[in-house]
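Thanks for making time for this. I will go through one model, and the sequence and coordinates should be on your screens now.

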Amino acid sequence: MLVIRLARLGKKKQAFYRLVAAEKSRAVQKKYVSSLGYYNPRTENGKGEFVFDKEQVETYLKNGAQPSQTAARLLAKNGVKLAEKFIEKRRTIEKKAADTAENAE
């Protein structure tokens, strides 16, 4: 099965990611099917730069590739509607009002 995920490149504390389509069983840093783009989180005052081939990503998604959570969020944020259905809602722990009142005392 193909997955679309980020492969980390760059030096220590200077992360740079490549968006790749790869077999799920392969290691993240090893051989991949195709490079779809890149993500540099260190540019534009911390907002990051995300460049990818939209047509190629949509082709892979239509043919059954599954994006990782991070890749799906980045793709959906940048206009790929097919990636939105792969985003799982994050679990949050709700604090009860009683707990916060007890801690305040």
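A helix here is a DSSP run of type H or I with at least four residues, and helices are numbered from the N terminus. With that in hand, look at the end of helix H2: what residue follows H2, and is its phi positive or negative? Glycine 79 follows, and its phi is positive, near 100 degrees. I should say at once that this is a predicted model.

Now the sheet. It is open, with 5 strands in the order E4-E3-E2-E1-E5, and the pairing is mixed. At the edges sit strand E4, residues 49-52, and strand E5, residues 66-67, each of which pairs on one side only. Inside the sheet, strand E1 covers residues 2-11 and strand E2 covers residues 14-23; these two are antiparallel, with 10 bridges between them. One position to locate there is arginine 5, which has valine 20 of E2 opposite.

Next, the helices on the sheet. Helix H1, residues 54-62, lies across E1, E2, strand E3 (34-40), E4 and E5, and runs at about 120 degrees to E3. H2 also lies across E1, E2, E3, E4 and E5, running at about 95 degrees to E1. Which residues of H2 are buried? They are Ala71, Ala72, Leu74, Leu75 and Ala76. The cover over those residues includes E1, E2, E3, E4, H1 and E5.

That brings us to the nonpolar core. The largest one has 17 residues, and those touching the most other members are Ile4, Leu19, Leu36, Phe50, Phe52, Val57 and Leu75. At least two residues of this core come from each of E1, E2, E3, E4, H1 and H2.

Take leucine 36 from that list. Setting aside neighbours within four places in sequence, leucine 36 contacts Ile4, Leu19, Val20, Ala21, Val51, Phe52, Asp53, Gln56, Val57 and Tyr60. Compare leucine 61, which is found in helix H1. The C-alpha atoms of leucine 61 and leucine 36 are 12 Å apart, with the two positions 25 residues apart in sequence. Leucine 61 has a relative accessibility of 9%, so it counts as buried, the cut-off being under 20%. Beyond four places in sequence, the contacts of leucine 61 are Ile4, Pro67, Val80, Leu82, Ala83 and Phe86.

A polar residue next. Asparagine 40 lies in strand E3. Is asparagine 40 buried or exposed? Asparagine 40 is buried, at a relative accessible area of 15%. Leaving out neighbours within four places in sequence, asparagine 40 is in contact with Ala15, Phe16, Gly48 and Glu49.

On to the rings. Searching the whole structure gives 4 aromatic pairs. One of them joins tyrosine 17 and tyrosine 39, and this pair is stacked, with 6.2 Å between centres and 25 degrees between planes. Because tyrosine 17 lies in strand E2 and tyrosine 39 in strand E3, the pair ties together parts that are 22 residues apart in sequence. Tyrosine 17 is partly exposed at 23% relative accessible area, while tyrosine 39 is buried at 16%.

Tyrosine 39 also pairs with phenylalanine 50, edge-to-face, at 5.9 Å centre to centre and 80 degrees between the planes. That pair links distant parts of the chain, with tyrosine 39 in strand E3 and phenylalanine 50 in strand E4, 11 residues apart. Phenylalanine 50 is buried, with a relative accessible area of 15%. Taken as a group, Tyr17, Tyr39, Phe50 and Phe52 are linked by ring pairs into a cluster.

Last, a loop residue. Where is isoleucine 87? Isoleucine 87 sits in the loop between helix H2 (69-77) and helix H3 (97-104). At a relative accessible area of 31%, isoleucine 87 is partly exposed, because that value lies between the 20% limit for buried and the 50% limit for exposed. Not counting residues up to four places away in sequence, isoleucine 87 touches Gln69, Ala72, Arg73 and Ala76. Isoleucine 87 and serine 68 are 19 residues apart along the chain, and their C-alpha atoms are separated by 8.5 Å.

That is the tour; I will take questions.

Definitions and conventions
Residues numbered from 1 in each chain as written. Predicted model: local features only at pLDDT ≥ 70, side-chain atom pairs only at ≥ 80, totals over all residues. Heavy atoms only, no water. Buried < 20%, exposed > 50% of the residue type's maximum accessible area, 1.4 Å probe, protein only. Contact = heavy atoms within 4.5 Å. Pairing = 2+ DSSP bridges. Axes fitted to C-alpha atoms, helices over the stretch in contact; angles between N-to-C directions. Core = buried A, V, L, I, M, F, W, Y, C linked by side-chain atoms within 4.5 Å. Phe/Tyr/Trp six-rings, centres within 6.5 Å; stacked < 30°, edge-to-face > 60°.
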